[in-house]
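Please work through the exercises below with the sequence and the model open beside you. Try each task before reading its solution.

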2 protein chains.
Amino acid sequence: MSQNLDSLTDQIRDLAEGRQAPVSLAERALARVQSHAELNAFVAIDEEIVMTQAKAAQLRWQNGAPLSPIDGIPIAVKDNYLTRDYATTACSDAAPLEPAGVDATVVANLRAAGAVIFGKTNMHEWAYGATNTTSNVGVTKNPHNPAHITGGSSGGSGAAVAAGVVAAALGSDTGGSVRIPSAACGIYGFKPSYGRASRHGVLPLSWSLDAPGPMATELQDIVHLMPYFLGADPKDRSTAHAKPFGSLPDVGPLKLINLTGAGLERSAEVDGAVNAALRQSAAQVEQRTLQDIDRYFAAWEAILHCEASAYHQPLLQTRAEGFSPVTRAHLEAGTRLTGVELLTAQKLRGDLIRYLTTDLGDWDALVLPTLPVPAPAHGEDWQEFGNRRVTTQDSMTWFCWLGNLSGLPCVTLPIAKSSKGLPIGMMLMGRPGADEALLAAALRIDHTLKSKG
Amino acid sequence: MSQNLDSLTDQIRDLAEGRQAPVSLAERALARVQSHAELNAFVAIDEEIVMTQAKAAQLRWQNGAPLSPIDGIPIAVKDNYLTRDYATTACSDAAPLEPAGVDATVVANLRAAGAVIFGKTNMHEWAYGATNTTSNVGVTKNPHNPAHITGGSSGGSGAAVAAGVVAAALGSDTGGSVRIPSAACGIYGFKPSYGRASRHGVLPLSWSLDAPGPMATELQDIVHLMPYFLGADPKDRSTAHAKPFGSLPDVGPLKLINLTGAGLERSAEVDGAVNAALRQSAAQVEQRTLQDIDRYFAAWEAILHCEASAYHQPLLQTRAEGFSPVTRAHLEAGTRLTGVELLTAQKLRGDLIRYLTTDLGDWDALVLPTLPVPAPAHGEDWQEFGNRRVTTQDSMTWFCWLGNLSGLPCVTLPIAKSSKGLPIGMMLMGRPGADEALLAAALRIDHTLKSKG
């Protein structure tokens with residue numbers, strides 16, 4: 001791993017300048033699927049389907065009429081997005097194997113721009129977990145060290161990008177599932193504001209928390225991909241008031257708030273990396289303590305489990321044996337939460353949003369590590385950090401769920417390597433609906449860190 | 001009862017023409033409280049507070065500077081609205097006796113217009129029932145026949161208006177609590193669209209179903225009162241997008257849909273009265289069958305019980321002995337509903353809204369009886385109609401809950417008397433947010449019926 005990967009942005013430039021062509025991009029990506037087979041990043045890929053798309057794109061470039069700057073660029077898709085050419089399994093034997101034939105809205109948007117829909121990536125079963133160790137096709141392995149996990153649930157997409165198979169991939173994020181494998185695999189990942197990106201055609205985990213998002217080699221890649229994610233989609237009512245992606249605003253001096261508090265502990269190594277990055281960022285940084293983390297976390301869990309159980313009720317009744325035991329246990333536990341507990345959770349969600357967006361005053365981004373520890377090794381059930389002993393599952397969502405419960409847009413940047421050579425990510429959260437401003441701030445910080453790094 | 005009552009509209013005209021004065025209006029209303037004391041309509045009234053307001057209004061009229069056309073008109077207030085001059089009890093010993101000193105937004109709006117906030121009216125304990133037979137100050141009696149109930153939960157307001165104590169009163173409506181006593185007592189009642197009227201300062205029963213609304217002698221009275229109800233209130237987030245009350249639109253030929261189906265049965269007498277009214281209305285009337293009433297009703301109940309239980313959790317833990325046994329049993333049952341049941345109910349609410357507003361096609365109003373039977377007698381636990389045997393409680397909300405689950409604006413008109421001389425009401429439901437159009441249609445129908453009656 002860690003050959004110098006070319007980014008989506010590089011590929012866009014190379015295509016435009018005629019130094020690269022869709023067929024060779026596709027052939028290289030297919031070859032890398034083979035050479036990185038041990039990562040187990042893909043669950044479905046069809047060479048003929050890929051090459052047919054690449055050849056059509058190549059013809060369009062040859063005719064001087066590409067559909068868009070990304071025409072012919074391979075993009076991998078998490079296996080909970082419906083895709084015209086592949087079945088969709090959510091990596092679960094309980095899935096009714098959604099037939100091919102329909103594209104999720106984001107996939108359809110990318111396809112209309114000529115992107116090569118490259119194949120389906122491995123994921124945590126039904127996206128109901130953050131380690132990618134529960135999947136009906138087996139675990140994914142971290143390109144930085146195959147003895148370590150990728151995190152999840154979009155672990156296959158994370159591994160495929162980090163290994164350089166594709167420059168960008170699609171993930172989905174209910175408690176961090178885009179950001180967790182992005183941080184664990186050392187790439188960039190973005191979760192849009194709740195309600196700005198269409199989930200139509202993405203199998204739900206928890207409809208009031210879910211967001212689709214891009215994972216990519218460079219932050220600028222994400223800027224290139226956002227227009228295909230954001231905007232109103234009549235097929236997803238949550239996007240009724242969503243604006244399309246706009247231009248990035250000019251950024252003045254940045255004010256960051258570094259969140260800490262009981263329940264936001266992190267390992268000394270991660271804490272050191274984030275503090276070093278903040279020092280280098282040239283931004284104004286204020287530290288604030290976030291109270292009541294335990295209550296907010298319980299609220300996120302209650303909403304997640306209730307909504308997931310409600311969505312899966314029909315499958316639980318007809319195909320219960322298809323779920324892995326741990327996923328099935330989650331879903332059955334979800335049915336035991338009371339309505340009053342759910343309503344209390346929904347009220348706490350409102351309190352958190354008000355606290356972050358109003359009570360904290362003026363800020364450009366809220367800062368947390370993306371993960372409290374670097375990617376754990378396969379087989380590690382527990383993580384210890386900051387006087388805590390936490391399951392590996394809970395350590396993966398440790399900070400990220402805050403972005404889903406609040407609906408704020410979030411981005412993760414790779415900022416350092418651990419002593420064992422595993423990536424460390426930093427998360428920035430923006431104001432609700434202000435995805436462009438968050439990306440502008442993140443680009444500034446990322447550029448500053450790279451120029452000093 | 002049934003002296004020729006003067007309406008709010010009459011009082012507005014008489015004040016403007018100098019034929020009536022606030023002090024004599026107040027004195028007459030206070031005298032009628034005494035002469036109708038057996039109705040048990042009021043739980044708190046203070047002559048000095050009333051007369052002080054009336055005298056101030058009279059001075060303004062004498063100075064040629066009334067605050068509004070309703071300056072000096074007495075309006076009674078259900079005892080779940082906070083009022084500056086009176087404590088608020090929700091007719092429950094469990095209530096923490098909200099101290100006087102603060103007005104609910106609707107009360108504050110009326111007070112700013114000079115209305116005399118006349119006293120607090122009896123109600124079903126915590127508004128958690130539709131008969132007005134559970135109250136810590138005893139039952140209310142129907143002015144048309146004191147052996148019969150008023151219905152509830154705004155039964156005191158209904159009795160006060162029907163008896164001519166006041167021309168108009170405030171109610172609140174979670175499953176029909178404005179419309180039920182209005183129909184049972186032979187007056188007009190209006191439930192605004194969900195989210196157009198502020199509930200700030202009205203003790204909640206179920207926050208996603210609750211609406212405040214006026215009850216009055218004539219439909220035109222309601223038109224006069226709507227500006228004090230509708231519009232955005234920063235203190236009630238559900239009104240964030242609420243428009244203030246606008247002018248009534250011109251009405252073309254009306255298309256009504258008469259809803260029937262299993263679960264929408266009514267007595268032959270009520271059915272005959274509604275059909276006669278529809279024939280006389282000169283409107284185009286189409287009959288449509290509403291399916292799945294049982295599932296929608298269960299959804300309304302689940303939302304009601306969960307939200308009520310969540311709201312009352314603190315009181316249940318500290319003052320449980322203050323609730324009547326039946327209210328306490330409801331609240332405890334609500335805690336046993338699951339989150340999945342609540343989410344299923346919330347989904348069904350969306351289905352119902354789509355069905356009524358979209359699938360049913362074009363319509364100006366949906367029509368149902370307000371109640372399936374005339375006001376039951378005190379002591380009757382069951383009602384029989386249309387091959388059903390239904391508790392008196394369920395017979396009161398039989399149709400009305402549809403307006404709360406869907407959020408549609410609703411109005412009830414008195415259209416006939418039963419063989420026993422008890423009023424029969426007809427309900428019209430309008431399009432969401434189109435309260436003005438519903439009132440315009442209802443005025444047309446009411447005028448037509450009166451001109452032929």
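Two exercises follow, both on a predicted model.

**Exercise 1.** Describe the contact between chain A and chain B, starting with the residues that take part and ending with their classes.

*Solution.* Start with the residues: chain A brings 17 residues to the contact, and chain B brings 17 residues as well. The area buried between the two chains is about 1,200 Å², and carbon and sulfur atoms give 70% of that area. On the side of chain A, Gly339(A), Val340(A) and Leu343(A) supply 41% of the area that this chain buries against chain B, more than any other three residues. Next, look at the polar side of the contact, where the count between chain A and chain B is zero salt bridges but two residue pairs in polar contact. Helix H9 (293–318) and helix H11 (339–359) of chain A each supply at least two residues of the side that touches chain B, and H11(A) gives the most, with six residues. By class, that side of chain A has seven nonpolar, seven polar and three charged residues.

**Exercise 2.** Explain why neither Cys185(A) nor Cys306(A) forms a disulfide.

*Solution.* A disulfide needs two cysteine sulfur atoms within 2.5 Å. For Cys185(A), the closest cysteine sulfur belongs to Cys400(A) and is 13 Å away, which is too far for a bond. For Cys306(A), the closest cysteine sulfur lies in the other chain, in Cys306(B), at 9.7 Å, so this pair is also too far apart for a bond. Cys185(A) counts as buried at 1% relative accessibility, and Cys306(A) counts as buried at 0%. Over all chains, the count comes to zero disulfides.

Methods
Residues numbered from 1 in each chain as written. Chains lettered and ligands numbered in written order. Predicted model: local features only at pLDDT ≥ 70, side-chain atom pairs only at ≥ 80, totals over all residues. Heavy atoms only, no water. Contact = heavy atoms within 4.5 Å. Buried area = accessible area lost by both parts, 1.4 Å probe. Salt bridge = Lys/Arg side-chain N within 4 Å of Asp/Glu carboxyl O. Polar contact = N/O pair within 3.5 Å; in protein donor to acceptor, adjacent residues only side chain to side chain. Helix = DSSP H or I, 4+ residues; strand = E, 2+ residues; numbered from the N terminus. Nonpolar A, V, L, I, M, F, W, Y, C, P; charged D, E, K, R; others polar. Buried < 20%, exposed > 50% of the residue type's maximum accessible area, 1.4 Å probe, protein only.
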